[in-house]
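The following note sets out some points on the structure for a colleague's consideration. It should be read alongside the sequence and the coordinates.

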Amino acid sequence: MSEVSPPGAHHEVFTAWAKQQGVQVNAVGPANISGLGLGIIAQRRIEAGELLCDVPASVLLTINTIPEDFKKLHEGITVHGLLASFLAFGGPDTFKFSCWKNTWPSMQDFQESMPILWPSFMREPLDNHGNPHYTIGQREDLAFILPPAVAGRWAHDQMREFWKIRDTAPLYRQEKKLKADWDVVSRVFPLETLPVYTYYWLIVNTRSFYFEVSGSEVAQNHDDCMVLCPFVDYFNHSDHGCRVDFSEKGYTVTSDRMYDVGEQIFTSYGSHSNDFLLCEYGFILENNRYDCLPLDDFFSGKRINGNSKKSLEKAGYFGNYTLDSDGVCFRTQVAIRRQALNTYHWKKFMAGVDTEDEETRVAVVTLLHNRILLPYEREAEEALQHLEMTGNAIPPGAKATLITRWKQIRQMIQQALLVHEFRRR
Ligand SMILES: C[S@@+](CC[C@H](N)C(=O)[O-])C[C@H]1O[C@@H](n2cnc3c(N)ncnc32)[C@H](O)[C@@H]1O
């Protein structure tokens with residue numbers, strides 16, 4: 001169990017300020033929780049269904065909080081980028097948030113936890129056009145220690161041509177988004193620096209909530225519905241958590257079960273895999289019922305012939321292949337069988353009719369192992385070996401998280417090998 005200690009003066013000042021602003025807090029308070037930074041704990045026994053926090057809409061930091069003349073300077077920026085610019089360079093208009101800002105993590109905390117800030121040799125640098133300049137044939141061993149679902153690349157030679165998922169990889173998208181926002185902000189504030197902006201951009205990234213700002217009749221783009229919510233941003237994430245509701249009146253958090261005094265109370269940031277949590281929030285869960293590994297890359301490029309791709313597309317089974325603790329998903333099973341079975345047996349399989357004899361079953365399992373599971377397992381082994389060799393070259397927090405993550409990945413693959421009855425020769 002994590003160690004819990006009092007939060008410190010800044011947090012007491014902030015909590016008093018939040019209450020003055022109209023935030024209602026019932027039976028909970030912030031505390032220092034080892035390994036998680038700040039979090040929320042129960043101050044007495046709490047029953048299921050109790051209202052724990054009620055934050056009026058007037059207290060939220062939304063794009064409507066930002067003065068119009070400041071907004072106008074930032075044409076073309078995202079809501080994320082604008083909120084960050086306001087917090088970083090909004091001057092006296094932001095002074096009222098000072099005691100809230102004092103409760104936030106430091107840049108050093110982010111440097112340990114957020115992959116986007118890890119040393120450049122650990123990830124793909126971007127060229128002047130915002131594209132990664134990864135060149136086949138210029139492999140640097142240490143550049144492959146991020147999980148493929150974060151960095152969008154594979155380490156192993158056999159898999160290097162299948163790095164195309166980088167376009168959809170969270171880290172790549174995040175870097176592009178930050179760069180595009182900074183392009184706007186650096187024109188508005190040419191004397192300001194990227195590290196200062198990046199800090200507030202990451203504050204918004206890790207602490208914002210989904211909220212539809214009132215007054216907008218059109219459905220808002222999901223990415224535009226970002227707000228910061230004082231006090232509720234203390235809650236840490238779990239795959240099961242308290243109910244968080246919003247309406248035009250504001251935000252509420254309601255307990256999902258009974259909590260003992262001193263117990264940490266979580267909300268859920270969504271049904272995210274550990275690789276997503278690592279990239280977007282800088283942590284992974286020990287147990288995560290939503291954890292999975294994407295497998296699309298194994299069916300991209302030259303790995304799949306044109307006819308198989310077409311028939312999978314026609315059947316609605318092309319893409320979105322995953323592996324979780326139960327093994328590979330049904331979509332992956334269908335895709336693998338497209339390559340191992342004739343059309344008659346493949347269609348029967350999709351219809352849920354088992355026509356496979358022992359020989360076919362072995363062919364399918366062999367393909368699954370040789371094409372997907374064993375290369376992925378080798379990937380994990382290599383990453384763990386490289387991580388051992390990094391010494392002090394990477395931040396200790398980053399190293400510890402990556403070792404744990406690659407072990408989780410290896411464990412998931414090994415579990416899948418058992419589920420899919422692999423017999424090693
Ligand atoms: C909304 S804030 C929660 C409060 C935060 N712990 C703090 O110190 O202010 C989100 C951040 O908390 C941390 N966090 C949230 N849930 C976590 C968890 N289950 N394990 C470890 N860190 C977590 C991550 O650093 C994440 O980016």
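**Notes on the predicted model**

1. An aromatic cluster joins F14, W17, F97, W100, W104, F231 and Y234 through ring pairs. The model in which this cluster appears is a predicted one.

2. Across the whole structure, the search returns 23 aromatic pairs. One of the pairs is formed by F246 and Y251, whose rings lie 5.8 Å apart centre to centre, with 40° between the planes, a tilted arrangement. Are the two residues of this pair buried or exposed? F246 counts as partly exposed because its relative accessible area is 35%, a value between the limits of 20% and 50%. Y251 is buried because its relative accessible area is 3%, which falls under the 20% limit.

3. Two arginines place their charged ends over aromatic rings. For R337, the ring is that of F349, and the charged end lies 4.0 Å from its centre. For R338, the ring belongs to W346, with a distance of 4.4 Å to the centre.

4. The chain has an open sheet of three strands, ordered β11-β12-β13, with antiparallel pairing. Its edge strands are β11 (293–294) and β13 (327–328), each of which pairs on one side only. Strands of a sheet pair through backbone hydrogen bonds, in either a parallel or an antiparallel sense. Between β11 and β12 (residues 322–324), the antiparallel pairing runs over two bridges. L293 has L323 of β12 as its bridge partner.

5. G327 deserves separate mention; this residue belongs to strand β13. What does G327 contact beyond its neighbours within four places in sequence? The partners are T322, A416, V419 and H420. In addition, the C-alpha atoms of G327 and L417 are 7.7 Å apart, although 90 residues separate the two in sequence. G327 is classed as buried because its relative accessible area of 3% is under 20%.

6. Some totals give the setting for these details. The protein chain contains 14 helices and 13 strands. Buried residues make up 50% of its 425 residues. Among contacts in the protein chain with a separation of 6 or more, 68% involve residues 24 or more positions apart. The exposed area of the protein chain is about 20,600 Å², and carbon and sulfur atoms supply 50% of that area.

Key:
Residues are numbered from 1 along each chain as its sequence is written. This is a predicted model: local features need pLDDT of at least 70, side-chain atom pairs count only at pLDDT 80 or more; totals for chains, interfaces and linings use all residues. Side-chain values use heavy atoms; hydrogens and water are left out. Helices (H or I, at least four residues) and strands (E, at least two) are DSSP runs, numbered from the N terminus. Buried means under 20% relative accessible area, exposed over 50%, partly exposed in between (1.4 Å probe, protein chains only). Contact means heavy atoms within 4.5 Å. Accessible areas come from the Shrake-Rupley method with a 1.4 Å probe; for residues, only the protein chains shown count as cover. Rings of Phe, Tyr and Trp (its six-membered ring) pair if their centres lie within 6.5 Å; planes under 30 degrees apart count as stacked, over 60 as edge-to-face and the rest as tilted. A charge sits over a ring if NZ of Lys or CZ of Arg is within 6 Å of the ring centre and within 35 degrees of the ring normal. Two strands pair if DSSP finds at least two bridges between them.
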